[in-house]
Amino acid sequence: MTARPPSENPSESQPRRPANGVPAPAGEARPAAKEGKSEKAARNEKAAGKTSRSGKAEKSAKAPKAPEPPKAGTAPPRTPAADPAARDSVAPEPLGATPADVAPEPTAPTPRKGSGGYVVRPAPPLADSDRHRLLHGSHHDPHGVLGAHPGKGGVVFRALRPYAKAVTVVGEGLRAQLHDDGDGFFSGVLPWRQVPQYTLVVRYGATDGEVDEVEAQDPYRFLPTLGDLDLHLIGEGRHEKLWQALGARPMVHQGVTGTRFTVWAPNAQGVRVCGDFNYWDGTVYPMRSLGSTGVWELFVPGVGEGALYKFDITRPDGSHTLRADPMARRTEVPPSTASIVTEAHHVWHDEEWMAHRGDLPVHEAPLSVYEVHLGSWRPGLTYRQLALQLPAYVKDLGFTHVELMPVAEHPFGGSWGYQVTGFYAPTSRMGTPDDFRFLVDTLHRAGIGVIVDWVPAHFPKDEWALAQFDGRPLYEHADPQRAEHPDWGTLEFDFGRTEVRNFLVANATYWCEEFHIDGLRVDAVASMLYLDYSREAGEWTPNEHGGRENLDAVAFLQEMNATVYRRCPGVVTIAEESTAWDGVTRATHHVGPGGFGGLGFGLKWNMGWMHDSLDYVSKEPVHRKYHHGEMTFSMVYAYSENYVLPISHDEVVHGKRSLVSKMPGDWWQQRANHRAYLGYMWAHPGKQLLFMGQEFAQGAEWSEGHGPDWWLLDPSYEAEADHRGVRDLVRDLNVVYGRTPALWQRDTDPGGFAWVEGDAGEDNVFAFLRFDAQGSPLLAVSNFSPVVRHQYRIGVPEGISGWTEVLNTDAGRYGGGDVFNMDTLKPEAVGAHGRPVSVQLTLPPLATLWLKPV
């Protein structure tokens, strides 16, 4: 992964001043333009009702100065809560009061008369503490103050509408203007026994003599949108569909269309919603706290899909921070950082794939993976454009799966997606979440599985994202030694906190359930498992048993794997784990010799094989005999876990050179070594993964800026045949692999492998047998010397009448020298390699042969 500094422009969504100087909050429908309205007035009216979709809204007029806060230690008076049963009563009942019955207090405003002859009496004064907290965004219960509440002498209406000139309550048979209490507050008491159905008509400053009015639902007349079960599961850290409870969700609530906003911020004094629907001024939309869960909630009528938003959080010290939604399911295109209200509309057509993807356990099925960085595979393509090209290309080459480097939203492209800020949002660089669903759907219909890299180990420090989200460490560990990642300048998750663990476990199932992902390759598992990872003595604290294991991370990984496998049949989880941790792919309930249950992964990247084998093939052939054991050592531990053999992006960047460029010799020898190595890799026990560009022997290192060098396959390029030949070999490797169960059916069974020749260091030759479940063999022989070896005797199993080549990496169509074993090879009763019968082969230089029984 690539380390990066935090973004220098953490919040591009700044307030914007509307054309007429007065913002119109979301959902406020304007009346039809009056005849004769000036063109300027019409433009101003339009400006007051809309904001730039970019989220860079103009700044609103400065809010009135709030009164001084209450003295320390004084408890603010509580306003009676609204009666839920009375909130939505349809027919208001007058109390019988008339203007003569009730005289206003001498200092109170003069009562107003509404339509129908009803009197709007002044409401009791709002407590200074409530006024201050509402204006400064630190009120935990705005619904207890704002909205409509039964009170003494009728129903008390109170609204907070900064910059408004007047607010009028409109209901069935009712229209009454509220009193202006200053600082944007409007209130009044209407003589009704129950709270009626009502809306608010808000009048802003006049333009060219025309009244600027908007009609809107009052957000503070609605009951909470989250139920007790949701809150209980969130508090317990067991909400397996957390994305359906937190974040922004369009819905119809109490018969009104709008969006529910919810966010977990337990340390916040207050939270407000701001966005392009209120000119990025959250004063009008304070959220309510839903008790000890730390969840804040507000239903905003009239806000729908496509709206930009963030949360204005008041920290414990009273300062404010503007944050993107941790649960956002769509974001702006970086470097913009606002969250976007969205809903899924894609209709899936991959029913057959989903029904049968789990027919075979993954370790007993063919798995050949093409690793792709979507942003640079074909630079500039959208998800839907990629869907027209990527599935056809991968299917033609015979890969069973693609592995996509992280598609979760990330602010810095140079991180390749490994420093995530939007864990629930596919990156918007290439389209919408539905566009990404379309790509996955198209791959499935082409018979190709989709694995996504998932990054739960750490996150960047950008001040608009997760770092100290509500003013204190929240997603990161409170102990700086546990929070700071020493290698990448990022923060590590607090895996011991139930809500954080829930955030990540639900995120794993989210990708599988919402996007039909078939596998999660979990990045940097080793950095999660060890408290002393990249830390010196004194920089870490042992666990409760005195050990170096991160027990919280172990429990998290076990829970994540168990949950994914229970909820998502057919999905595989894959660990990038670079140490010898015991039981990475062992079941969680099976305790190993170290006292830990297995982590529960389905597969693990074999980093040891990768480093050893690449070190061997990078040596000149004359020196390879001294490194022979690097190619055979992998079989000492090959069945300790369920392995994937990865030649990934990490091995072809940052000065490591591309795969073909690692090879010694001239151009012909480099390509021959490249082909021989791939033949050895595909025959070795374990699944295989190859990064894009290596399938056609790209000579340059990969760069996310321009992607693979596709021009090497242009027929007008004089060396095009050399590169196309290697790609043709990869296609044939996958075709023969898929048709030969011996190469994949017993990858995790020691009985599926046998060495024939593992000690021929002087010859640079390796030979082994693979067996399927019925015992049918495949013989793989690799010659990593640059000379032809004639009549090379190899011991073979008895009872087979003859052997024939099914693949030869030296074939002329691949760019080789066309050294073949043309005829069927008949076994001879000559002992070799501990077997009573053998065959004599011609071994091409720098080549791998596969042979099967006739």
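**Salt bridges.** I began with the charged pairs and found 42 salt bridges in the structure, bearing in mind that this is a predicted model.

I looked first at D183 and R131, whose side chains meet in a salt bridge with an N to O distance of 3.2 Å. D183 sits in the loop between β7 and β8 while R131 belongs to helix α3, so this pair ties together parts that lie 52 residues apart in sequence. I then checked accessibility: D183 is buried at a relative accessible area of 19%, just as R131 is buried at 12%.

I turned next to K604 and E577, which form a salt bridge with their closest N and O atoms 2.9 Å apart. I noted K604 in strand β28 (residues 603–605) and E577 in the loop between β27 (572–575) and β28, a link between distant parts of the chain that are 27 residues apart. K604 is buried, with a relative accessible area of 4%, and E577 also counts as buried, at 1% relative accessibility.

My third pair was R789 with D763, a salt bridge in which the closest N and O atoms are 3.8 Å apart. Because R789 lies in strand β34 (residues 789–796) and D763 in the loop between β31 (753–760) and β32 (765–771), the pair ties together parts 26 residues apart in sequence. D763 counts as partly exposed, since its relative accessibility is 23%. I also recorded a network in which salt bridges that share partners join E240, K241, E513, R566 and R567.

**The sheet beside α3.** Returning to the surroundings of D183, I traced an open sheet of four strands in the order β3-β4-β8-β7, with antiparallel pairing. The edges are β3 (147–151) and β7 (179–182), each of which has a single partner strand, so one side of each is left without a neighbour in the sheet. Neighbouring strands here are turned by 25° against each other on average, direction ignored.

I followed β7 to its pairing with β8 (residues 185–190), which is antiparallel and runs over three bridges, and I found H179 opposite S187 in β8. Helix α3 (residues 128–136) lies across β4 (154–160), β7 and β8, and runs at about 130° to β8.

**A helix pair.** Last, I looked up α7 (residues 383–397) and α18 (residues 720–739), which pack at an angle of about 70° with their axes 7 Å apart, and are therefore roughly perpendicular to each other. On α7 the contact is made by Y393, D396 and L397, and on α18 by R727, V730, R731 and N734. Sorted by class, I have three nonpolar, one polar and three charged residues in this contact.

Note on methods: Residues are numbered from 1 along each chain as its sequence is written. This is a predicted model: local features need pLDDT of at least 70, side-chain atom pairs count only at pLDDT 80 or more; totals for chains, interfaces and linings use all residues. Side-chain values use heavy atoms; hydrogens and water are left out. Axes are lines fitted to C-alpha atoms, for helices over the stretch in contact, and angles run from 0 to 180 degrees between N-to-C directions. Helices (H or I, at least four residues) and strands (E, at least two) are DSSP runs, numbered from the N terminus. Angles under 35 degrees count as roughly parallel, over 145 as roughly antiparallel, 65 to 115 as roughly perpendicular and the rest as oblique. Contact means heavy atoms within 4.5 Å. Ala, Val, Leu, Ile, Met, Phe, Trp, Tyr, Cys and Pro count as nonpolar, Asp, Glu, Lys and Arg as charged, and the others, Gly among them, as polar. Two strands pair if DSSP finds at least two bridges between them. A salt bridge is a side-chain nitrogen of Lys or Arg within 4 Å of a carboxyl oxygen of Asp or Glu. Buried means under 20% relative accessible area, exposed over 50%, partly exposed in between (1.4 Å probe, protein chains only).
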